Amino acid sequence: MKRRFEPVDVEVTKGWPVLVNWNGEKHRVRYMIDVWVVQGKWWAEEERRVYFRVNTTGGTLDVFKSGDDWVLSKVQD
């Protein structure tokens, strides 16, 4: 896996990613592999992230939402 941390456009349905637009290409989500939550120090108001590992038409990607923006965190080789 390669770490990225790049902004991406993600289309969602009922809160779940269904399409990831990355590098000018649209990658349709085929299925969800995993979902997990990373919670920083809540008392220090660190960000809570919900990660989605998805299998797409372009490969396996990890994305998470940060505020109103989506971030691509990893791409599986």
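**Group meeting: rings, salt bridges and strands in a predicted barrel**

Trp36 is partly exposed, with a relative accessible area of 26%. I open with this residue because its value lies between the limits of under 20% for buried and over 50% for exposed. Please keep in mind throughout that the model before you is predicted.

Let me place Trp36 in its surroundings. Trp36 belongs to strand 3, which covers residues 25–39. The fold itself is a closed barrel of six strands, running 1-2-3-4-5-6 with antiparallel pairing. On average, neighbouring strands of this sheet are turned by 45° against each other, direction ignored. In general, strands of a sheet pair through backbone hydrogen bonds, and the pairing may be parallel or antiparallel.

I shall now go around the barrel by its pairings. Strand 1, residues 2–13, and strand 6, residues 69–75, run antiparallel and are joined by five bridges. On this seam, Arg3 has Lys74 in strand 6 as its bridge partner. Strand 2 and strand 3 are also antiparallel, with four bridges between them. Here Asn21 has its bridge partner, Lys26, in strand 3. These two strands, 2 and 3, form a hairpin with two residues between them. In that turn, Asn23 has a positive phi of about 55°. Between strand 3 and strand 4, which again run antiparallel, there are nine bridges. One example joins Tyr31 to its partner in strand 4, Asn55.

I turn next to the aromatic rings. As a general point, such a pair is described by two quantities, the distance of the ring centres and the angle of the planes. In this model the count comes to five aromatic pairs. Consider Trp16 and Phe52: their ring centres are 5.7 Å apart and their planes stand at 80°, so the pair is edge-to-face. The cut-off behind that step is an angle over 60 degrees. This pair links distant parts of the chain, since Trp16 sits in strand 2 (residues 16–22) and Phe52 in strand 4 (residues 48–56), 36 residues apart. As to accessibility, Trp16 is partly exposed at a relative accessible area of 43%, whereas Phe52 is buried at 7%.

The second pair brings us back to Trp36. How are the rings of Trp36 and Tyr51 arranged, stacked or edge-to-face? Their centres are 5.3 Å apart and their planes lie at 0°, so the pair is stacked. The limit that matters here is an angle under 30 degrees. This pair, too, links distant parts of the chain: Trp36 is in strand 3 and Tyr51 in strand 4, 15 residues apart. Tyr51 is buried, with a relative accessible area of 9%. Ring pairs also connect these two residues with Phe5 and Phe64, giving a cluster of Phe5, Trp36, Tyr51 and Phe64.

Phe52, from the edge-to-face pair, leads us to the interior. The largest nonpolar core has 12 residues, and Phe52 is one of them. Other members include Val8, Val20, Trp22, Val63, Trp70 and Leu72. At least two residues of this core come from each of strand 1, strand 2, strand 4, strand 5 (59–66) and strand 6. Which strand gives the most to this core? Strand 6 does, with three residues. Val8 illustrates how the core residues meet: leaving aside residues up to four places away in sequence, Val8 touches Val20, Asn21, Trp22, Val63, Trp70, Val71 and Leu72.

Charged side chains form my next topic. The count comes to two salt bridges. In one of them, the side chains of Glu47 and Arg49 meet at 3.0 Å, N to O. Glu47 is partly exposed at 34% relative accessibility, and Arg49 is partly exposed at 24%. A salt bridge also joins Arg53 and Asp62, with the closest N and O atoms 2.7 Å apart. Arg53 counts as partly exposed at 22% relative accessibility, while Asp62 is buried at 1%.

Arg53 also appears in the surroundings of my final residue, Thr60. Thr60 has its place in strand 5. Is Thr60 buried or exposed? Thr60 is buried, with a relative accessible area of 10%. Not counting residues up to four places away in sequence, Thr60 touches Ile33, Arg53, Val54, Asn55, Lys74, Val75 and Gln76.

To close, I return to the overall picture of a closed barrel of six strands with antiparallel pairing. Thank you for your attention.

Terms used
Residues numbered from 1 in each chain as written. Predicted model: local features only at pLDDT ≥ 70, side-chain atom pairs only at ≥ 80, totals over all residues. Heavy atoms only, no water. Phe/Tyr/Trp six-rings, centres within 6.5 Å; stacked < 30°, edge-to-face > 60°. Buried < 20%, exposed > 50% of the residue type's maximum accessible area, 1.4 Å probe, protein only. Salt bridge = Lys/Arg side-chain N within 4 Å of Asp/Glu carboxyl O. Pairing = 2+ DSSP bridges. Axes fitted to C-alpha atoms, helices over the stretch in contact; angles between N-to-C directions. Core = buried A, V, L, I, M, F, W, Y, C linked by side-chain atoms within 4.5 Å. Contact = heavy atoms within 4.5 Å.
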